[in-house]
Amino acid sequence: MRITNIAAYQQAYKKSVENPEQFWAKIASENFVWDKPFTKILDWNFNDYKVNWFEDGQLNITTNALDRHAANQPNTVALIYEPNEPGDDSVSITYKELLEKVSRFANVLKANGVQKGDRVCIYMPMIPELAIAVLATARIGAIHSVVFGGFSAQSIADRINDSECKVVITTDGAVRGNKKIPMKETVDEALVTCPCVEKVIVASRTHTPVSMIKGRDIWWKEAEQEVSATCPAEIMNAEDPLFILYTSGSTGKPKGVVHTCGGYMVYAAYTFANVFQYNPGDVYFCTADIGWITGHSYLVYGPLLNGATSLMFEGIPTYPDAGRFWDIIARHKVNIFYTAPTAIRSLMGFGDSFLENKDLSTLRVLGSVGEPLNEEAWHWYNDKIGKGNCPIVDTWWQTETAGIMISPLAGITETKPAFATLPLPGVQPILVDENGKEIEGNGVNGNLCIKYPWPSIIRTTWGDHERCKSTYFSTYPGLYFTGDGCMRDEDGYYRITGRVDDVMNISGHRIGTAEVENAINSHTGIVESAVVGYPHDIKGQGIYAYVICEHTPEHPDLLKKDILMTVSKIIGPIAKPDKIQFVSGLPKTRSGKIMRRILRKVAEGDVSNLGDTSTLLDPSVVEEIIEGAL
Ligand code: PRX
């Protein structure tokens, strides 16, 4: 399934558009182990949304990610774990060992009542047990819902309750940089409002004292003693759910994006092999947390499906200093490095001294994901990290797409700074105007949609198929709408310009403005708020909140801190506003709609052209807002 030159890419792309079914059927049947081969390839309808790939095929993704490699290359390292403390030993786990560990923990899950189709919430730091928990859940046909370790108790509870998880897997604590973070304690707080949870399995990481509730809580290590290290993989239908991953949209609470076994497997494996051009023996390092889609598809599943060696890092890029990534690359002789623009910008800001004496000569491919990679950061990444020798793959995709959609193939597609370049085979992008009319030709801008299903397209939003339909398939009937704006230049290259809806991208994390507003509004004494994103040098976007209080605050700085605390408690520290401006009113139209366009302009510091404000109920609030702008 590996494309090795540009002509082969063009040919594959052509085939994938002319006959997508045949294209994917060949890849799916020739490169994976199916317990029962599929005979139906694709059944789809973007209007009354439904997509089924390889529907009557049967498989288990872990047979493909583990068993076949454990048989053919048992001593190849599957996972390298680099701990938070640079002095602590890293751990290498071979395919044979990983299969055993996953099988053993799968038996622990079974012994604790987890059955096929049950939901399992995983709230853990970046330690091998996290990857093992994910794979063990998949092995027995249960559905994992990984919740990023930085989310609050309230966010965990919302996610657990939405999909009625039966079991939670966590740790006693976590370490990130020089901070110790409670995990079990946060889970305990969440579980006060989660009657569906029957068992909590706790892995030990920090030896922090934790409460262990009789009948509910069990230690990972102890439970493992009682089960065997072999566990046959549950045979799944291709369209059975594999996992749920919650992500933010422009309205309401985060939704549970559902991906299924067969299509996800095929697409994650295919895109990993082609975008990164992984060669046997390469060490691949993805800096994403497994709590996000990048960690699912390109730290765990994509690499393991390809028999690759995947490095996971527990800590942060700036601990003990801003040379940590470069140190890891040098020590583990990393060949392929995949990170986020926010990390690149932040490390660039620390200066080049942290690169001194770091041997980066093993690097062959550099990747970027999560937000636009601006030109300055692109050049620094290219010159200082890649030494001008490593192609940069700027990969555009989303939680909903589950795999990379628009990206260069490393060393094959000619790159261009700040461009995601060309669609992968099987991906049919289309730009539309506000009315949904296709914008043809090159040198154009529009809203990015996809007109044909690829194997790992979102199947539904957990428990609410209508929401899936209305969010992605109703704005432009017949098309999947990404929520992103996009330009196609004269060469037909794609450049993603950012979200066109009320979703912010803060350090590559997706956060809905409505979510932050709801959190702020729940703080005592707050009447209303409006939140917008604004350009931020390091984070890409920062959060700017306009807040109306019941009474003029006596101690505005204290109140700001309290609001930050509330947002942190309700969502998590990643959603804390960077700027809070107290205002007496918000610019609203006569029908009561907030004109966010104006708020965005003020937050950007560009008040020269606010556009038409004549439809505002009270234009004078705009003056006040401009005067008080931060
Ligand atoms: O706006 C796009 C941006 O991140 C959004 C998806 O966020 P999430 O579901 O959290 O997944 C992030 C990791 C895949 C997109 O709608 N985005 C992602 N990659 C890029 C990007 N924007 C520009 N360039 C990218 N390479």
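These are my notes on the ligand shell, an annotated domain and one sheet in a predicted model.

**Ligand shell**

I looked up the surroundings of the ligand and found 21 residues there. Trp396, Gln398, Thr399, Ile496 and Arg510 are the closest. I then sorted the shell by class: nine residues are polar, seven are nonpolar and five are charged.

Next I asked which elements supply at least two residues of this shell. They are helix H10 (293-305) and the strands S20 (392-395), S24 (480-488) and S25 (494-499). S24 gives the most, with three residues.

**Annotated domain**

I checked the UniProt record, an unreviewed entry, which lists residues 66-453 as "domain: AMP-dependent synthetase/ligase". In the model this span is 31% helix and 22% strand. I noted 28 Å between the C-alpha atoms at its two ends.

**Sheet**

I traced an open sheet of seven strands in the order S5-S4-S17-S16-S18-S19-S20, and its pairing is mixed. Strand S5 (91-94) and S20 form the edges, each pairing on one side only. S20 is also among the elements that supply the ligand shell. On average, neighbouring strands of the sheet are turned by 20° against each other, direction ignored.

I looked for what packs on this sheet and noted helix H5 (residues 128-139), which touches strand S4 (77-82), S5 and S17. The direction of H5 makes about 140° with that of S4.

Last, I took one strand pair within the sheet. S16 (residues 283-286) runs parallel to S17 (residues 309-313), and three bridges join them. Tyrosine 284 stands opposite serine 310 in S17.

Technical notes
Residues are numbered from 1 along each chain as its sequence is written. This is a predicted model: local features need pLDDT of at least 70, side-chain atom pairs count only at pLDDT 80 or more; totals for chains, interfaces and linings use all residues. A residue is near a molecule or strand if its C-beta atom, placed from the backbone, lies within 6 Å of it. Helices (H or I, at least four residues) and strands (E, at least two) are DSSP runs, numbered from the N terminus. Ala, Val, Leu, Ile, Met, Phe, Trp, Tyr, Cys and Pro count as nonpolar, Asp, Glu, Lys and Arg as charged, and the others, Gly among them, as polar. UniProt positions are given in the numbering used here, feature names are shortened, and annotations may be inferred rather than shown by experiment. Two strands pair if DSSP finds at least two bridges between them. Axes are lines fitted to C-alpha atoms, for helices over the stretch in contact, and angles run from 0 to 180 degrees between N-to-C directions. Two residues are in contact if their C-beta atoms, placed from the backbone, lie within 7 Å.
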